[in-house]
Amino acid sequence: MTSCCFAILNCCKGNSSSEEPAEGIAVNNNVRIFSYNSLRSATSNFHPSSRIGAGGYGVVYKGVLRDGTNVAVKSLSAESSQGTREFLTEINMISDIRHQNLVELIGCCVEGTHRILVYEYLENNSLANTLLGTLSKHVVLDWPMRAKICLGTALGLAFLHEEAEPSVVHRDIKASNILLDRNFDPKIGDFGLAKLFPDNVTHVSTRVAGTVGYLAPEYALLGQLTKKADVYSFGVLMLEVISGSSSTKAAFGEELLILVEWTWKLKQEGRLVELIDPELINYPKAEVVRFITVALFCTQAAANQRPTMKQVVEMLSREVHLNENLLTEPGVYKGHKTRKLNGGGGGAAISGGSSSSHGIKYKKAMKTSPSSSQFNSSNSLTQMLPR
Ligand SMILES: Nc1ncnc2c1ncn2[C@@H]1O[C@H](COP(=O)(O)OP(=O)(O)OP(=O)(O)O)[C@@H](O)[C@H]1O
Ligand SMILES: [Mg+2]
């Protein structure tokens, strides 16, 4: 991989600053180098009408390459001041990771201060727009579509965690990072992107204080970043897919609970079906309830009690009966104005449902040695099944 990277560098060096770097160079047969000019013409000079969105990393444009291929052109903001070599090394790493449920990185542009990523274009935009967005972008998704979105996302995440080399913790699983292709098959975007930014400026870490709803409490509060933080976020995402409600925007009940808390309350009160999106009709109730239960397993307070993504795939793929006696209360991270987080702009509090002692319970769970995890052993899935 390193030698390929140097091959690009040498090639770029060969061009004086006034010349365009050679375009379309294959690196590991996976990633192409685009000139800034070619991306400018692909996006009508980065015209506002080509703009399809913006996030913490920069602005995304729809582009059309000379051969007619549609692409999503993500222009990274200035904080991505990584050197060319480091940038290309990361790009090579990301572009090597390929799976049907991951958005494909086609290439990039590194010219002067420009750092631009070129991705395959997904016709049906993000889950955030399609499922949770404004009326004009909203699409009614039936249960088979929602089930395949959950399963496909789980497969993509399991690949990142367990098969990619090196394995990748996504860090920012959320509805806007799940893109949908023309058949509404899901693809996870932005994996590995946090690595392109120096640690202190990644928007993910600065946003830790601000995002309510997706962040695993141990990551938000203690900075403990493991695959289980992704599992937590995935659980929240599933609840959004099933309820049709945004975890970051909606509040539920008189106590204005967030989605995970609300789900737990409904479960405790035997009213779980009330979580299901009223737009859904003719759904298989037992299967939908199983999916909700899997989501609750994913969002448990103690990271080591959450399943791995591989186990999640299994639980979603077949009719397993989950041992709900093992299910513990979710951990919840909430923005809080009075306590400051390391380096973040805000603070945090932990709570769990209506139980005021939950913070203590959570801390106890956090102290559990990872080696005692019920999900670490190979037969751990069966521990969730009736004995
Ligand atoms: N490959 C793609 N194909 C089609 N649309 C895309 C693609 N990638 C991104 N988008 C659109 O661009 C929007 C912005 O994406 P971007 O990743 O920059 O921001 P975000 O996902 O909202 O936040 P974050 O920066 O935290 O990931 C997405 O919500 C989606 O609508
Ligand atoms: Mg994104």
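In this predicted model, a good place to start is the hairpin of S4 and S5, where five residues lie between the strands and Gly 68 adopts a positive phi near 95°. The two strands of this hairpin, S4 (residues 58-64) and S5, run antiparallel to each other and are joined over seven bridges. Within this pairing, Val 60 has Lys 74 of S5 as its bridge partner. On S5 there is also a pairing with strand S7 (residues 114-120), again in the antiparallel sense, over five bridges. Here Val 73 is found opposite Val 118 of S7. S5 is mostly covered, with six of its seven residues buried.

Val 60, already met as the partner of Lys 74, leads on to the ligand. Ligand 1 is surrounded by 23 residues, and the closest are Gly 53, Gly 55, Val 60, Ala 72 and Ser 176. Strand S3 (51-55), strand S5 (70-76) and helix H4 (127-130) are the elements that each supply two or more residues to this shell. S3 makes the greatest contribution, with four residues. Sorted by class, the shell comprises 11 nonpolar, nine polar and three charged residues. Because domain 1 (2-120) and domain 2 (127-384) both give residues to the shell, ligand 1 lies between them.

The two domains also come together in the largest nonpolar core. This core has 89 residues, of which Cys 108 and Met 238 touch the most other members. Helix H8 (residues 227-243) is the top contributor to the core, with 10 residues. At least three residues of the core come from each of domain 1 (2-120) and domain 2 (127-384). Such a grouping can be set beside a general tendency: in soluble globular proteins, nonpolar side chains tend to be buried together. Leaving aside residues up to four places away in sequence, Met 238 is in contact with Cys 150, Phe 291, Val 294 and Ala 295.

Beyond H8, the chain enters the loop that leads to helix H9 (259-268), and Ser 247 is located in this loop. Ser 247 counts as buried because it has 22 C-beta neighbours inside 10 Å. Not counting residues up to four places away in sequence, Ser 247 touches Gly 213, Tyr 214, Val 236, Leu 239, Glu 240, Ile 258 and Leu 259. One of these contacts, Ile 258, is 11 residues from Ser 247 along the chain, and the C-alpha atoms of the two are separated by 6.5 Å.

Technical notes: Residues are numbered from 1 along each chain as its sequence is written. Chains are lettered from A and ligands numbered from 1 in the order in which they are written. This is a predicted model: local features need pLDDT of at least 70, side-chain atom pairs count only at pLDDT 80 or more; totals for chains, interfaces and linings use all residues. A nonpolar core is a set of buried Ala, Val, Leu, Ile, Met, Phe, Trp, Tyr and Cys residues joined through C-beta atoms within 7 Å. A residue is buried if 20 or more other C-beta atoms lie within 10 Å of its own, exposed if 12 or fewer, and partly exposed in between; C-beta atoms are placed from the backbone. Domain bounds come from an automatic or database domain assignment. Two residues are in contact if their C-beta atoms, placed from the backbone, lie within 7 Å. A residue is near a molecule or strand if its C-beta atom, placed from the backbone, lies within 6 Å of it. Ala, Val, Leu, Ile, Met, Phe, Trp, Tyr, Cys and Pro count as nonpolar, Asp, Glu, Lys and Arg as charged, and the others, Gly among them, as polar. Two strands pair if DSSP finds at least two bridges between them.
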